[in-house]
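Visitor: Please put the sequence and the model on screen. I have some questions about how the chain is built.

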Amino acid sequence: MMWRVESVPSKIDHFSLKGTCSEELAEALSRLSPPSPAHVQGDKIAYDIHGITNGPIAVIAAHYEGDLTVQHQGPAEANIIMLPLCGRSVVTVDGRQILSEGRRGVFVNSMSASTTQFIGPRKHLGLRISHDELTRRLARRLNTPIRGSLDFSPEIDLSVGFGCLLVQLVPVLYAGLRDGTLLQSPIALNHLTETTMELLIEAARHRYSPELCRVAEPPLPKAVKRAVDYMRANIARPLSLEEIATACGVSRRTLQSGFRNFRNTTPLAFLQHLRLESVHQELMTGEPGLSVKQVALKWGFIHRGRFSADYRKRYGVYPSETLRISEADCAD
């Protein structure tokens, strides 16, 4: 087996994996999907995998010979999307089997345990994107807080629409990263990466897909826009609904109605969304001496237990885990 990692400019990391040993493959796949351990079973197998990480996304080209089964216990930090090139695989998620071949892609949810049976020879391109990244993108697209699971469907139709565009674009992104062409144009690289993730959000069905299908979002009422601006300007202060409504020159009922109709939430829930996002961004910096308590108080969270529970519900991990991971990344 060969495991090689090399860093190049623009936060691009390459890794290569080649061999015939199932135990070494399991160890390597576990490193790619922390903290979910991988278990591999198979005889007379061979694999050749090359991956490239660019910021929040990794593009992986995989080639398997022979029949092997890979099990992930879940949950993991990132979702895996498989775009088949040849051969087939069968993915079992939550007791449901999904066939991946031809123009049938598979979305393997990071929150679920999964079993993938590769029927060789098998080649596919894979995308590795964190649950947090997809949640942030959806929240930004919809301009509203995202709560709970995104409920991505495990099946992606790659034969039409956004799925067809996705399966055409990913090979271009991979080729440009591997031969270094895209490193010569950071703007082009950024646009291709952004477009790939946006196409995935459109192509893969999820709980918020109907919201994305709206032709155009109506302009925000002035009261809602003023409320959002006021919240951002006073985000760390203990704001009440009465104070926000007064600052916007409307009644509490009018403000609540505006947020319900145009943000699908309440004013105070939207304020919490802004504060949690601020906490998350600061914890992700992993700066030396940073503490969860310090950051929580800075952004207006007084009740530690309630804050931790709300943070975990939003991001899938406790705030201390985010800080620990960020500090480890900085140390590396």
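Visitor: Which residue with a positive phi follows α8?

Guide: This is a predicted model. Helix α8 covers residues 252–262. Past the helix, phi turns positive, near 55°. The residue with that phi is Asn264.

Visitor: Which residues of α8 are buried?

Guide: Buried here means under 20% relative accessible area. In α8, the residues that count as buried are Leu255, Gly258 and Phe259.

Visitor: Why do the buried residues of α8 sit on the same side?

Guide: Take Leu255, Gly258 and Phe259, the buried residues of α8. Their directions around the axis set the side, so the arc is what counts. They share a side of α8 because that arc is only 95°.

Visitor: Which exposed residues are on the face of α8 turned away from its buried side?

Guide: Exposed means over 50% relative accessible area. The face opposite the buried side of α8 carries such residues. They are Arg253, Arg260 and Asn261.

Visitor: What covers the buried residues of α8?

Guide: Contact means heavy atoms within 4.5 Å. The cover over the buried residues of α8 includes three helices, at 222–233, 241–248 and 267–283. They are α6, α7 and α9.

Visitor: Which residues of α7 are buried, and what arc do they fall within?

Guide: The buried residues of α7 are Leu241, Ile244, Ala245 and Cys248. They line one face of the helix, because down the axis they fall within an arc of 95°.

Visitor: What do the buried residues of α7 pack against?

Guide: Helix α7 is part of the cover of α8. In turn, α8 is among the packing partners of the buried residues of α7. The full set is α6, α8 and α9.

Visitor: Which residue just after α7 takes a positive phi?

Guide: Helix α7 spans 241–248. Just past its end, phi is about 75°. The residue is Gly249.

Visitor: What is the radius of gyration of the chain?

Guide: The chain has 12 helices and 11 strands. For 332 residues the globule rule gives 20 Å. The chain comes close to that, so it is as compact as a globular protein of that length. Its radius of gyration is 22 Å.

Visitor: What share of contacts joins residues at least 24 apart?

Guide: Buried residues make up 46% of the chain. For contacts, count pairs at least 6 apart in sequence. The share joining residues at least 24 apart is 70%.

Visitor: How far apart are the mean positions of the positive and negative charges?

Guide: The chain carries 39 positive and 34 negative charges. Each set has a mean position. The two are apart by 9 Å.

Terms used:
Residues numbered from 1 in each chain as written. Predicted model: local features only at pLDDT ≥ 70, side-chain atom pairs only at ≥ 80, totals over all residues. Heavy atoms only, no water. Helix = DSSP H or I, 4+ residues; strand = E, 2+ residues; numbered from the N terminus. Rg over C-alpha atoms; globule rule 2.2 N^0.38 Å. Buried < 20%, exposed > 50% of the residue type's maximum accessible area, 1.4 Å probe, protein only. Lys, Arg positive; Asp, Glu negative; His and termini not counted. Charge placed at Lys NZ, Arg CZ, Asp CG, Glu CD. Arc of directions from axis to C-beta.
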